[in-house]
Amino acid sequence: MEDNVVLSMHGICKAFPGVKALSNVDFVLRRGEIHALMGENGAGKSTLIKVLTGVYEKDAGSIVLDGSEAHIHSPQQAQDLGISTVYQEITLCPNLTVAENMFIGRTKKKVVNWKEYEKKATQILDRLNIPARASQELSRCSLAVQQMVAIARAVDMNCKVLILDEPTSSLDDKEVAMLFGLMRDLKATGVGIIFVTHFLEQVYEVSDRITVLRNGELVGEYEVEHLPQVELVAKMMGKSMDDLAELESIGQKGAVSEECVYDARELSSAECRPFDFHIRRGEVNGFTGLLGSGRSESVRAIFGADRVTGGKVTMNGKAVRISNPHDAMKHGIGYLPEDRKRDGIIADLSVRENILLALQVIKGINHPIPRAKAEEFADEYIEALQIKTASKDTPIRSLSGGNQQKVILARWLLTHPEYLILDEPTRGIDVGTKLEIQKLVLKLAEEGMSVTFISSEIEEMLRTCSRLIVMRDRKIVGELTGDDLTQAQVMKTIAGGDAS
């Protein structure tokens, strides 16, 4: 082992019922290093961190800290050994002072002299160049400073390993620069930092090494200067840069009308930055990018699912106001959400009731759909989409994931939308059903419906979309059509165009 290694995880395995979350994963962290842990959703990053911090017990493997094997069975034990974690969501108390947040729970004295602790806190804040006063209420600090106070609390407790889990997700560029300054200062003192993030540009700005996980397995460890962004994207997505085979289209993408159905200018929400977007009649387009790039946040803004904070929208050339999902539905927009269990199905309702839900909302509670018509609609769409269910009265929770997804599709098709948004419509379902849904999307487009399609699988996007909007770090960084619709070009655009 190298002399400067502070943490070594070797052969780590962790399984849950039916899922092997980690398979023989190695990870090495050196003193005075910022080491990015990268991977798509489900790659195993969170599980590895939870094993290291004692949230999960590993099934196999070893953890060596400062040259000695460490047996970590709880987060408190990890903390005592010098492993500190600062999470994306700030877990401090906003109504307490900065000093109180830094030291609360760390003294066994019955009577605490907070003036003394304010002096200690001031020394730490000064040493780490954190722009906050020990006596001020934490809520009066910016999010970045609150994050830095959380880090100060963590590193003051004999910290050898600092884990930062998506620390920049709620920060603006200036605040990110402040946080990076603190990270570099800590690096200079010998602290080893594990940096978990989805922002590629930030990884290359502040990290020394990168470890990539995919599907619970180690892809490799790389020095930042020897791994161009486009190759990192390829490794995260499991693609070869030397041989990206072109995929056959499952349907013929015909000519798209020039008629614009939906057009947004400077649209923004509480969760996404301002962006421009349009879709034409009969077009299938899509948002693509790595997890966290802003794909889902963008379509949620279009549908009004998140609080809309700005922008102008026209539909069929007329100005409209869409500030909530009901507005969107009235204007002929349907939306299949990314998380079908949380935002899509109502588990205790029947298949029939779930299919009718959107249409009933549009009609209003005072205009119930007659029972005979409801039965007719349910039968029609169960047959049309080949939904496998014992009956239309079966609770939707009893159906497979793929059939639940078909029910949500049926719900929106019953409203005959002009514009349909599908966010991860094929996630977690079998290959046969995936192809059925892709073919349905193309058929709907041929019939004149406009569809925005989002998938983590680039192959699906290339099969179905005639135009791809590429996102990185919550911004649109490119638009691909025609001959540019290739996996290689998508990855180059995500990575910033640097193919070297």
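Which residues line the second largest cavity? In this predicted model, the lining consists of E40, M237, T288, G289, L290, R295, S455, S456, I458 and I494. The space enclosed there amounts to about 40 Å³. By residue class, the lining of this second largest cavity holds 4 nonpolar, 4 polar and 2 charged residues.

Rolling a probe the size of a water molecule over the atoms reveals where empty space remains. Applied to this model, the count is 2 cavities of 30 Å³ or more. The largest cavity has a volume of about 50 Å³. Its surroundings are formed by H198, F199, L200, L290, G292, S293, M471, R472, D473 and I494. The lining of the largest cavity divides into 5 nonpolar, 3 polar and 2 charged residues. L290 and I494 are named in the lining of the largest cavity and appear again in that of the second largest cavity.

Two residues of the second largest cavity, M237 and I494, lead to a helix pair. M237 belongs to α8 and I494 to α17, and both take part in the contact of these helices. Helix α8 spans residues 229–237 and helix α17 spans residues 487–494; their axes come within 8 Å and cross at roughly 120 degrees. Angles from 65 to 115 degrees count as roughly perpendicular and those over 145 as roughly antiparallel, so the crossing angle makes α8 oblique to α17. The crossing of α8 past α17 is right-handed. On the α8 side the contact is made by V230, V233, A234 and M237, and on the α17 side by M491, K492 and I494. Sorted by class, the residues of this contact comprise 6 nonpolar, no polar and 1 charged.

The description now turns from enclosed cavities to an open pocket. The second largest pocket has a volume of about 380 Å³. Its lining is made up of 18 residues, of which L385, L413, L440, K443 and L444 are the closest to the centre of the pocket. Three helices each supply at least two residues of this lining: α13 (371–384), α14 (401–413) and α15 (431–446). Among these helices, α15 provides the largest share of the lining, with 6 residues. In terms of class, the lining of the second largest pocket contains 10 nonpolar, 2 polar and 6 charged residues.

Conventions
Residues numbered from 1 in each chain as written. Predicted model: local features only at pLDDT ≥ 70, side-chain atom pairs only at ≥ 80, totals over all residues. Heavy atoms only, no water. 1 Å grid on protein atoms, 1.4 Å probe; cavity = no way out; pocket = protein on both sides within 12 Å on 5 of 7 lines; lining within 4 Å. Points joined across faces, edges and corners; volume = space filled by probe spheres on them. Nonpolar A, V, L, I, M, F, W, Y, C, P; charged D, E, K, R; others polar. Helix = DSSP H or I, 4+ residues; strand = E, 2+ residues; numbered from the N terminus. Axes fitted to C-alpha atoms, helices over the stretch in contact; angles between N-to-C directions. Parallel < 35°, antiparallel > 145°, perpendicular 65-115°, else oblique. Left-handed = near helix turned anticlockwise from the far one by under 90°. Contact = heavy atoms within 4.5 Å.
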